[in-house]
Amino acid sequence: MIDCIQCNTNPAAACFTLCTDCLRAYPHPDNLVRLHARAREKYGLVSVPPDSDDGIPCALCANRCRMGEGERGYCGIRANQGGELKELVPAGSALAHAYLDRLPSNCCAAWFCQGSRDCQGSREQGYNLAVFFYGCSFDCFYCQNAGHKFLDDAPRMTEGELVQKAMGRTVRCVCFFGGTPEPQMSFALRAAERIARESGGTRRICWEWNGTADPRLAVKAAELSKETGGTVKFDLKAFTPALHLALCGAGNQRTLANFRMLAGRYAGEELVTAVTLLVPWYVDAREVAGIASIIAEVDPAMPYSLLVFHPDFLMDDLPVTPREQVHACRDAARKHLSRVNIGNRQLLQG
């Protein structure tokens with residue numbers, strides 16, 4: 001943590017050297033994206049989505065990569081090899097692993113979802129099958145699961161193996177997260193459809209993502225959650241476009257568009273929810289108020305979780321979210337929304 005090199009007043013993360021106020025007003029957004037180039041190079045990832053005139057297009061997420069011969073996409077999962085779009089793994093497989101998480105779990109929706117409520121006070125053991133996908137369409141400097149970037153060493157899982165795990169007797173829900181599911185959305189949707197079908201709809205299908213999927217795929221995913229009683233959790237990282245670019249290396253336009261679309265489509269059904277990580281000093285009450293106002297436009301009763309930050313990845317020089325910031329963000333959200341939850345409370349100091 002350092003003093004902002006521009007205003008010399010506010011604290012700043014060393015990876016930015018600029019504070020929140022200076023980032024919000026930064027006049028050259030493209031330079032904010034370039035901040036991520038060196039960090040991505042370490043993992044063999046391209047600094048910006050490729051856009052070759054004669055490249056092969058990929059439409060899975062908002063990055064809309066057009067990969068020239070030999071180029072990898074932004075997520076690092078697919079590449080143009082000999083004029084064909086190929087993934088790092090064979091068809092029917094994914095770079096992913098899955099593990100059982102006892103309910104009620106640390107899922108961001110556990111405070112309101114039916115799956116966790118059913119397990120409270122019940123003698124029957126219940127588990128969430130957490131499916132962790134490698135790769136991401138963002139490049140968050142504070143990523144809480146940065147291991148998703150190690151694509152070359154990532155475990156591989158077949159569709160059949162995942163479905164078999166989901167059929168375990170005590171599995172009640174299956175949550176697709178990561179990274180984020182979007183770069184491997186085709187696999188995730190096929191597996192989710194099989195799980196819903198072969199379980200007779202007895203496994204809740206949930207998504208925890210950054211919301212950058214192609215809108216048609218996002219609708220398919222949400223329909224599976226609706227049919228099985230699951231949830232769709234949007235990680236709304238920042239409200240101000242320049243700050244979002246700095247934090248995540250990408251814009252928030254598709255995320256907000258998909259959120260508005262699905263939240264409006266399923267308003268009042270307790271299907272779509274949102275979470276925001278309270279990055280110290282950066283994601284402050286002003287950012288939360290902007291996000292909460294967007295949510296309230298669709299459904300002021302939508303569950304919204306504010307998560308306490310712990311130092312990680314390239315922003316490990318920051319502290320845990322200060323208590324006063326948490327309270328200010330909660331109060332800002334409550335001016336717009338009736339259901340606001342604080343997650344990761346155990347991290348708060350004092």
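In this predicted model, 16 salt bridges are present. Side chains of opposite charge can pair when their charged atoms come close. Three of these pairs are described here, followed by the nonpolar core and the internal and open spaces.

Asp21 and Arg24 form a salt bridge in which the closest N and O atoms are 3.1 Å apart. The two residues both belong to helix 1 (residues 20-24) and, because they are 3 residues apart, about one helical turn separates them. Their surroundings are not alike in accessibility: Asp21 is partly exposed, with a relative accessible area of 45%, whereas Arg24 has a relative accessible area of 12% and is buried, since this value is under 20%. The pair also takes part in a network of salt bridges, in which Asp21 and Arg24 are linked with Asp284 and Glu287.

A second salt bridge joins Arg40 to Asp139, with 3.4 Å between the closest N and O atoms. Arg40 is in helix 3 (residues 37-41), while Asp139 is in the loop between strand 8 (127-133) and strand 9 (156-158), so the pair ties together parts that are 99 residues apart in sequence. Arg40 and Asp139 are both buried.

Lys226 and Glu269 form a third salt bridge, and here the closest N and O atoms are 2.7 Å apart. This pair, too, links distant parts of the chain: Lys226 lies in helix 7 (residues 215-228), and Glu269, 43 residues apart from it, lies in the loop between helix 9 (253-265) and strand 13 (272-278). Both partners are partly exposed, as the relative accessible area is 40% for Lys226 and 37% for Glu269.

The largest nonpolar core comprises 115 residues, and Phe176, Trp207 and Met315 have the most contacts inside it. Among the contributing elements, helix 6 (residues 185-198) gives the most to this core, supplying 8 residues. When neighbours within four places in sequence are left aside, Met315 is in contact with Ala13, Cys15 and Phe16, with Phe141 and Tyr142, and with Leu247, Val279, Tyr282 and Phe309.

Rolling a probe the size of a water molecule over the atoms shows where empty space is left. The structure contains 4 cavities of 30 Å³ or more. The second largest cavity holds about 100 Å³ of space. It is lined by 13 residues, and the closest to its centre are four cysteines and an arginine, namely Cys58, Cys61, Cys65, Cys75 and Arg78. By class, the lining of this second largest cavity consists of 8 nonpolar, 2 polar and 3 charged residues.

The largest pocket has a volume of about 1,100 Å³. Its lining is made up of 40 residues, and those nearest the centre of the pocket are Cys108, Gln144, Asn145, Glu208 and Leu307. Several strands each supply at least two residues of this lining: strand 7 (93-102), strand 8, strand 10 (171-178), strand 11 (204-209), strand 13, strand 14 (304-308) and strand 15 (340-343). Sorted by class, the lining of the largest pocket has 17 nonpolar, 17 polar and 6 charged residues.

Technical notes
Residues numbered from 1 in each chain as written. Predicted model: local features only at pLDDT ≥ 70, side-chain atom pairs only at ≥ 80, totals over all residues. Heavy atoms only, no water. Salt bridge = Lys/Arg side-chain N within 4 Å of Asp/Glu carboxyl O. Helix = DSSP H or I, 4+ residues; strand = E, 2+ residues; numbered from the N terminus. Buried < 20%, exposed > 50% of the residue type's maximum accessible area, 1.4 Å probe, protein only. 1 Å grid on protein atoms, 1.4 Å probe; cavity = no way out; pocket = protein on both sides within 12 Å on 5 of 7 lines; lining within 4 Å. Points joined across faces, edges and corners; volume = space filled by probe spheres on them. Nonpolar A, V, L, I, M, F, W, Y, C, P; charged D, E, K, R; others polar. Core = buried A, V, L, I, M, F, W, Y, C linked by side-chain atoms within 4.5 Å. Contact = heavy atoms within 4.5 Å.
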